Each structure stands twice: as C-alpha cells, then as structure tokens.
Amino acid sequence: MRVTVKPWGGPVEKTPFGKVAAGLFAFAFSLVSPSAVSADGMDAGQLQIAVKVLRFLGRKAQPGATLLVLPGAADLDQVKAVLSSLTVVEGGAGSAAGAYAVFVNSASEAQEVTKANPAAVTVSGDIGCVNAGSCVMAIQTTPKVSIHASGVAAAKAGIVFDPVFKMLITEH
Amino acid sequence: MRRSILLCSAALAVLAGLPAAAQSIDYGTFEEMFHEPITTSATGKPQKVSEVPVNMEIVTQDDIRRSGADNIPDVLQFVSGLDFRRSSFNDGEVSIRGYDQPWNPRLLLLVDGRPVYEDFYGDVVWQAIPVQLDEIRQIEIVKGPNSALFGFNAASGVINIVTYDPLYDSTNVLTVRSGTQSLAEGSAVATVPVGKDAGIRLSAGGLRASEFQKTSLPDFLANGMNHPKNGAFNIDGRWLVRPDIELTLQGAAAQDQRNFPADGTPEQDRTTSLRGRLSANTDFGLVDFDVYRNVWKIDYRGLQAQQAVNEADDIRGSDLFKIGPDNSIRLSLEYKYNQASGQFFNGSTIFYSVYSGGGMWDWQINPALSLNNAVRLDYLELGVNGGILPATGLTAASYNGTTLNAVSFNSGLVYTVTPKDVLRFMAGRGFQLPALNDLGQQIALPGNAVDLGQPKLRPTSVLNFEADYDHTVVPIDATLRGAVFVQRNEDLYGYDVALPRVLGANTLSQSANIGASDEGGIEIALKKKSTDADGLRWNLGYQFALVNDHISGGVVSGVYSTFEKGTPRQVVDFGVGYTFGRWEFDALGRWQSKFTDFQIDAGGTYRPMAVSDYVTVNARGGCRVTENLTLSATVDQINQASLYQRAGLPVERRAIFAATARY
C-alpha cells in the first residue's frame with residue numbers, strides 16, 4: 001500500500017488500495033459529524049482504528065470474508081462504509097460460525113462467539129473484555145489511542161500479531 | 001569497497017537461513033492509527049512518541065513545508081533546545097543544548113538510521129546530506145546522550161531524518177526556488193512502484209547562490225571565498241523479498257562548496273554512500289542486518305590547502321523480541337572500520353576498528369509505569385600506515401596498539417500520572433569520539449612546526465540527568481513540556497580549528513584533553529496539539545542554560561573562547577500559523593542572548609568576538625493555486641537586514657520564492 005503525499009496538509013490519502021482505501025478516507029471525513037459517534041459499542045474513532053488493526057494480524061481476512069457485528073457493538077453502516085472488501089453482517093453471537101472477525105460489546109458476548117467460532121477475531125471497545133481474556137483486542141481512544149490485546153484470547157483464536165504492531169500495543 | 005561486499009554477503013548468508021514471517025514499519029498507517037508519530041530513535045524499539053523514555057521532538061513534513069526553509073538547519077533553528085549558528089550562506093552548525101562550535105562534533109545525524117556524520121573532521125556537513133526536504137516524513141530529535149543505542153558521537157543528542165518509504169508512500173514532488181543572493185534552486189522526488197512488493201524512490205536537487213557580503217572580513221579571507229553551491233542525488237529501493245523479509249538498497253552522492261569565514265577557509269566536500277539492509281521477522285524476533293559504506297573527499301582550500309579521503313565501513317545486526325507481554329529486549333552487535341588518508345596525514349593512513357555490543361531492556365511495570373535500560377560497550381583499536389613526521393615527536397608505535405573502551409548507558413522511567421500528565425526521569429552517558437584528524441593529523445609547517453593530532457586523545461564523556469514533565473492543557477488544546485537537566489562533560493578536548501584552541505611547543509596547534517565542563521538548564525515549551533489543515537497553530541518555548549568550564553593546561557590565553565562564554569544563556573522561540581482555504585501564513589521567531597565566539601583577524605590570529613543578543617523572524621505565505629501546485633514566498637530574518645549569528649559573515653535577510661508541484 002502506498003500513501004500519496006497530499007499537496008496541502010501532509011500525507012493522508014491512500015491510493016492503491018482501491019475501495020478499502022476510499023472507504024477509509026470517506027469514513028475519516030465522516031468523523032467531523034456528531035452523528036458519527038454511536039451511543040453504544042465502538043464509536044467512530046474506535047471503529048476506524050479497529051478496521052486498521054485487522055491488517056496487522058498474522059491471519060489475514062480473505063476478500064469477501066465475513067465480519068459480524070453484534071447488535072450495539074458498532075454502527076453497521078459505518079462498518080460497511082469502511083470495510084467494503086468484507087461482507088459485513090449484523091447478527092447474534094450464535095451466528096459467528098465462519099466469521100473472520102466479530103465486533104462485540106462485552107466479555108460475555110465474546111465468550112459466546114468463541115463457543116460458536118473459536119477462530120473468530122473478537123474486537124471490542126471494552127478493555128474489560130481483554131482483561132477477562134475473552135476478546136482478542138480492545139480499542140481505547142481517550143485520552144489517547146491505545147490498543148489492548150489478550151495473549152490468551154489470541155492464542156485460542158490462533159492469532160499472531162505483526163511484530164512491529166506487537167511492540168506498539170498493550171498486551172494483557 | 002571489497003570489505004563492504006564481504007560484510008554484505010555475510011549478512012545475506014545469515015538471513016537466508018532464517019525462518020521468517022513479516023517485517024516493516026509502515027510509519028504512515030501507524031501514525032493514523034495511534035494519532036501520533038511512531039519512532040525507533042529512542043530505544044531501537046518501535047514506540048509511540050508519547051511513551052519514549054527520552055526527551056524527543058518531532059518535526060513533521062508539514063512543519064518543514066510551512067517553515068519555508070530551503071535547508072535542514074534553517075528548519076531546526078526554531079526547535080526548542082537546539083542551537084543554530086550560520087557563518088556564511090552555505091555553512092552553519094546545529095547543536096543540542098549549547099556547546100555549539102565550528103565543526104560541531106557532539107551531534108550525531110542519521111538518515112533513516114544510517115549515520116551521515118563525517119568522521120574526518122568529526123562533524124555534520126549539513127549542505128552535503130543527500131536528502132531533499134520534500135522526501136522527509138519526519139525529523140526525530142533526541143535531546144541528551146543516546147550512545148547506548150547509536151554509539152560514539154550521540155553525545156549531546158541525535159537527529160534522525162526519516163524519509164518516506166517507497167514501499168508504502170507515493171511521493172512525487174517538484175520544487176523550484178529563486179530569490180535574493182542570486183538563489184537558483186531546484187529539487188525533484190519521485191516514487192516508482194515495482195509491482196506490489198517493491199518500490200524505488202529517487203531524488204535529486206541542488207542550489208547555487210551568491211555569498212553574503214564579505215566586507216567584514218580581512219582581504220586575505222574574503223578573496224578566497226567560493227560561490228555557495230551544492231547538489232545531491234539519492235536512490236532508495238525496498239523490496240519485500242517474501243511477505244516476511246524486506247531488503248533495502250540505497251545509494252547516494254552529494255557535494256557542496258562552502259566557506260568558513262571564522263577560519264578563512266573555503267572547502268569542497270564530496271560524499272558517496274552505499275547501503276544494504278535486510279530485516280525479517282523470525283521465530284526469535286525482529287532481526288535486522290545493516291551494512292553501509294560512507295566515503296568523504298575533503299578539499300580544504302584554506303590557509304594551508306589540504307585534501308583528505310575518509311572511508312567508513314560498518315556492519316551491524318540486531319534482534320528485537322518480547323518476553324511475555326511486558327518485556328522487550330534488543331540485542332545488537334556492530335563492527336566499524338574507519339580510515340582517513342591524504343595530505344592532512346603527511347601521506348599516511350590513520351585507521352581504527354570499533355567492535356561494539358549492546359543490549360536494551362524495556363519493562364512495562366504496569367500500565368502507568370515503564371522502565372527502559374540500555375547499555376553498550378565500544379572497543380576501539382587505532383593504527384597507522386605510513387611515515388610519521390619527526391617534528392611530531394611521535395612514532396608508529398604511538399598509534400598502533402592504542403585502544404580505548406567506552407561503556408555508555410541510558411535509563412529512563414516513564415510514569416503516566418494521569419491521562420494528562422506524564423513524568424520522565426532519565427540518566428545517560430554518551431561519548432564524543434575524537435575525529436580522525438584529532439587523532440592523527442600531521443601537517444608540516446614552515447620552521448619545523450606541525451599541526452598535530454594526538455593518538456592518545458581520550459573521548460569526551462557526557463553524563464546527563466534529566467526530569468521532564470508533560471501536561472496536556474485541554475482548554476487551549478496544547479501540550480506543555482518542562483525539562484530540567486544537569487550534564488557533566490569530562491575529557492573535553494581542544495583541537496585544530498575549534499575552541500578552545502590548544503598551542504604547544506613546536507606546533508601551530510595540537511589536540512589535547514583539556515578538562516571538564518558542567519551544564520545545567522531548564523526548558524519550557526507550550527505547543528498547540530492538533531495541527532488541523534485549517535485554523536490556528538502556535539508554539540512558544542524558553543530555554544535557560546548555564547555552563548561552567550573547568551579547563552586547564554595547554555591553552556594559550558587570549559586566542560580562544562570557552563564553552564562557558566560560548567553558550568548563550570537564554571533562548572526564546574515562538575511560532576504562529578494560520579490556514580484558511582487556499583491560503584496559509586506562518587511566522588517563526590527566535591531570540592537568543594549574547595555569547596562569545598572567536599574569529600581570525602587580519603594578522604592570522606584568533607580573537608574573541610562578542611555576538612550580541614538578537615531576534616530573528618522568518619515569515620512565509622503560501623497559496624494552493626491548484627490541487628497540485630503551491631506557490632509561496634518566504635522572507636528569512638524579516639526584522640533585520642543583517643546580523644551576526646556567530647563569527648563570520650553577517651547573515652543577510654533572504655527572500656525565497658518557491659513553486660511546488662505534487663503529482
């Protein structure tokens with residue numbers, strides 16, 4: 001992937017990533033809208049990071065792979081806008097079978113997902129989910145961005161992290 | 001060259017046998033993800049800037065562009081804690097926390113981690129750094145010694161210039177500049193993707209100008225001066241050999257022509273470099289092999305015309321890995337061979353080998369507290385091939401067999417007190433290695449006298465203790481940083497052309513260890529946090545430094561200035577910028593208190609020179625004419641027609657008009 005240096009304001013725009021990149025960029029603009037922040041689950045800022053995080057996992061998502069969003073875990077339309085290369089669906093934890101990644105609200109939801117699909121990458125905005133060893137990752141954006149990962153949950157899901165990425169996150 | 005090929009082959013052979021899985025730092029993506037820059041210049045480990053255990057400043061591409069500067073030192077002069085002195089159009093010195101001097105040896109400059117420090121004189125030749133401003137992603141400035149990571153000469157600090165990565169970044173920029181002092185300047189940067197797993201970035205640039213007015217100098221100095229000019233070319237290729245192994249090949253060439261008015265010496269420098277780097281993620285960590293060769297050709301056309309060639313070959317390897325979730329370890333080995341030959345050495349060759357080993361341990365004690373410790377051992381063996389002038393009183397045995405050991409360390413404790421408050425406590429010791437001419441220069445002079453290096457010269461050690469406090473000031477969206485530091489410099493040395501100048505029996509000048517110096521200081525800086533495309537940006541900083549020399553022996557009084565007098569006590573830097581729509585306006589300023597420099601007089605004798613306190617303000621206005629074309633006008637030193645930043649030529653006001661096309 002290559003980033004084109006913008007003529008005004010620094011390097012931001014992604015060029016060769018086609019639809020995914022365009023989606024990311026469009027989504028970034030959507031952040032200025034107050035409605036971009038959902039009341040529950042991951043807000044727009046967390047979601048933007050969560051999507052990027054998936055690129056630093058050892059097991060990559062195949063084109064068309066399913067990303068399951070549990071009710072309230074994130075705004076479905078926002079996820080679809082960002083992840084046009086994946087099939088984004090909303091459903092309960094029981095429908096996690098075959099999903100590459102699942103956005104969840106809590107540790108209990110993550111545990112249900114894992115029962116249905118032990119290989120699913122569970123991502124949440126709740127750090128408690130990672131602390132409980134239930135979610136693979138959790139995203140925090142305030143007061144500053146930090147990404148938390150559970151070694152236990154990652155091992156259960158058969159996930160390894162990109163080594164540079166691993167140096168930048170907080171492992172639990 | 002043969003040595004470099006052998007070293008490179010060895011590295012390739014080792015990596016070929018590694019089980020590997022993915023490696024590379026995508027600075028842009030990580031910065032977008034974490035909303036702050038990423039760096040490896042603090043500890044060798046990728047880290048968020050807010051978490052590094054050092055005092056670090058980051059100058060972004062946006063900062064560079066909006067400064068309107070056409071050279072790196074002009075960008076750095078407004079960075080808090082940095083000292084900058086220009087002595088002619090194409091020559092200036094940058095130092096960190098005082099102790100600035102001609103041929104400043106205390107600052108290590110890197111480009112993408114490769115040292116571009118010139119070991120012959122022991123300084124940074126800023127005009128011959130083969131990097132165009134448009135290809136710089138960020139400039140990372142570490143204040144305080146960092147020899148435990150980078151080795152010799154990271155004494156007062158380190159500056160690492162990080163360029164755009166042709167694997168991840170597409171950078172295509174053409175810039176032309178014209179202005180006062182008959183300036184004609186241009187640069188071009190282009191990225192060429194090679195499939196989806198490789199990319200090449202090419203850059204080239206150069207300038208030609210007229211020198212500042214020389215009426216302040218004696219005729220014998222002014223008459224020999226050259227027209228300032230420089231040029232550089234760089235090619236940087238990166239290839240994901242496998243999804244897991246990245247190969248970097250880089251080549252660069254640059255030359256400059258500049259004048260040192262304080263010493264009356266025009267000089268030409270030519271440099272070439274080759275680099276190969278292999279990095280991989282393996283079962284036992286991030287493994288990195290880096291081989292480079294730097295060659296400098298120095299053509300000194302001063303009072304005694306001399307030429308020299310300096311060749312440095314270096315191979316280094318490191319392994320970075322985590323043990324459990326909270327501990328990161330980095331182990332490193334390095335070998336460097338460095339030699340210089342030419343008329344400076346009476347036709348002989350002086351050389352040394354440095355064997356180094358180091359380790360770094362980063363411990364996340366709890367979510368709010370981390371401790372980083374690093375240590376490094378450097379072992380140097382010195383030697384000479386060729387004759388030794390009898391007048392020096394030395395023999396080959398004085399060089400061969402001379403060794404030295406240096407143990408450097410860095411420790412840093414980072415405590416996140418609240419989400420808005422971070423405390424850092426740091427201690428470190430770094431070393432400034434005497435330059436090759438300090439160790440081995442032997443220039444025959446009339447009357448059986450010599451300019452003399454000293455093979456037994458000891459490196460200067462810099463011991464630094466520091467406490468920093470960062471606070472986020474939410475109501476004004478700003479970051480406040482306060483720093484307090486104390487520093488002990490031991491085994492300072494005087495040498496040929498800098499200060500203090502040391503005279504001995506039968507010598508015009510000679511290198512010698514001359515004592516110690518202490519420094520204490522505070523720095524306070526307030527900077528607006530977010531740098532939105534539209535809106536206001538500003539910063540304000542204040543620095544106070546007090547230097548106390550303990551110099552003794554061999555110094556002829558009256559012909560030198562000390563570090564104590566040569567370091568300005570107070571500096572204020574400030575900046576403000578505003579963007580609306582297609583327009584942006586910026587002003588950067590600096591006030592600096594007086595200090596004492598030295599300058600050669602009409603009789604050829606060095607005399608102290610008082611440099612008055614001064615204010616300098618640069619202003620820039622830019623307009624985005626189209627999506628791809630920007631026009632800008634910059635006036636350097638808008639408030640004064642000319643002023644002395646140090647001994648030498650008074651620095652003149654400059655007007656620079658630039659057109660930049662990005663595609």
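## Chain A: overall make-up

Contact here means heavy atoms within 4.5 Å. On that basis, take the contacts in chain A between residues at least 6 apart in sequence: 42% of them join residues at least 24 apart. The model is predicted.

Chain A has 172 residues, and 52% of them count as buried. Its secondary structure comes to 7 helices and 9 strands.

## Helix α2 of chain A

Helix α2(A) is largely enclosed by the rest of the structure, because 9 of its 10 residues are buried. The buried set opens with A:Ala44, A:Gln46, A:Leu47 and A:Gln48. It also holds A:Ile49, A:Ala50, A:Val51, A:Lys52 and A:Val53. Charged and polar names thus sit in the list beside nonpolar ones: A:Lys52 and A:Gln46 are buried, with Lys counted as charged and Gln as polar.

The start of α2(A) has a side-chain to backbone approach. A side-chain oxygen of A:Asp43 reaches to within 3.0 Å of the backbone nitrogen of A:Gly45.

## The disulfide

Over all chains, the structure holds 1 disulfide. The partners are A:Cys129 and A:Cys135, with sulfur atoms 1.9 Å apart. A disulfide is a covalent bond between the sulfur atoms of two cysteines. The link of A:Cys129 and A:Cys135 is right-handed, with 80 degrees about the S-S bond.

Both ends are buried. A:Cys129 has a relative accessible area of 0%. A:Cys135 also counts as buried, at 0% relative accessibility. In chain B, B:Cys623 is buried too, with a relative accessible area of 14%. That value falls under the 20% cut-off, so B:Cys623 belongs to the buried class.

## The interface of chains A and B

On the chain A side, 33 residues are in contact with 56 residues of chain B. The two chains bury about 3600 Å² between them. Carbon and sulfur atoms carry 62% of that area.

The polar part can be itemised. The rule finds 3 salt bridges across the interface. One of them joins A:Glu171 and B:Lys322, with the closest N and O atoms 2.8 Å apart. There are also 7 residue pairs in polar contact across the interface, both residues being at pLDDT 80 or more. On the chain A side, the elements that give two or more residues are strands β1 (3-6), β2 (10-14) and β8 (146-149), together with helices α2 (44-53) and α7 (163-168). Helix α7(A) gives the most, with 6 residues. By class, the side of chain A that touches chain B has 19 nonpolar, 5 polar and 9 charged residues.

Helix α2(A) therefore appears in two roles: 9 of its 10 residues are buried, and the helix is among the elements that give two or more residues to the side touching chain B.

## Helix α2 of chain B

Chain B has its own α2, at residues 27-34. This helix is largely enclosed by the rest of the structure, since 6 of its 8 residues are buried. They are B:Tyr27, B:Gly28, B:Thr29, B:Phe30, B:Met33 and B:Phe34.

Just after the helix comes B:His35, which takes a positive phi of about 60 degrees.

## A buried arginine: B:Arg85

B:Arg85 sits in strand β4 (residues 82-88) of chain B. Its relative accessibility is 4%, so B:Arg85 counts as buried. Its side chain makes a polar contact of 3.0 Å with the side chain of B:Asp83.

Residues up to four places away in sequence are left out of the next list. Beyond them, B:Arg85 touches B:Asp91, B:Gly92, B:Glu93 and B:Asp100. Further along the chain, B:Arg85 touches B:Gly566, B:Thr567, B:Pro568, B:Phe595, B:Gln645 and B:Arg646.

## Positive phi in two loops

Two loop residues of chain B deserve a look at their backbone. B:Ser182 is not a glycine, yet its phi is positive, near 55 degrees. B:Ser182 lies in the loop between β11 (173-179) and β12 (183-194). With a relative accessible area of 51%, B:Ser182 is exposed. The cut-off for exposed is over 50%.

B:Asp477 is likewise not a glycine and has a positive phi, of about 50 degrees. Its loop runs between β26 (460-473) and β27 (478-494) of chain B. B:Asp477 counts as partly exposed, at 28% relative accessibility.

Terms used
Residues are numbered from 1 along each chain as its sequence is written. Chains are lettered from A and ligands numbered from 1 in the order in which they are written. This is a predicted model: local features need pLDDT of at least 70, side-chain atom pairs count only at pLDDT 80 or more; totals for chains, interfaces and linings use all residues. Side-chain values use heavy atoms; hydrogens and water are left out. Buried area is the accessible area (1.4 Å probe) that two parts lose on being put together, summed over both. A salt bridge is a side-chain nitrogen of Lys or Arg within 4 Å of a carboxyl oxygen of Asp or Glu. A polar contact is a pair of N or O atoms within 3.5 Å; within protein, one must be able to donate a hydrogen and the other to accept it, and residues adjacent in sequence count only if both atoms are side-chain atoms. Helices (H or I, at least four residues) and strands (E, at least two) are DSSP runs, numbered from the N terminus. A disulfide is a pair of cysteine sulfur atoms within 2.5 Å. Buried means under 20% relative accessible area, exposed over 50%, partly exposed in between (1.4 Å probe, protein chains only).
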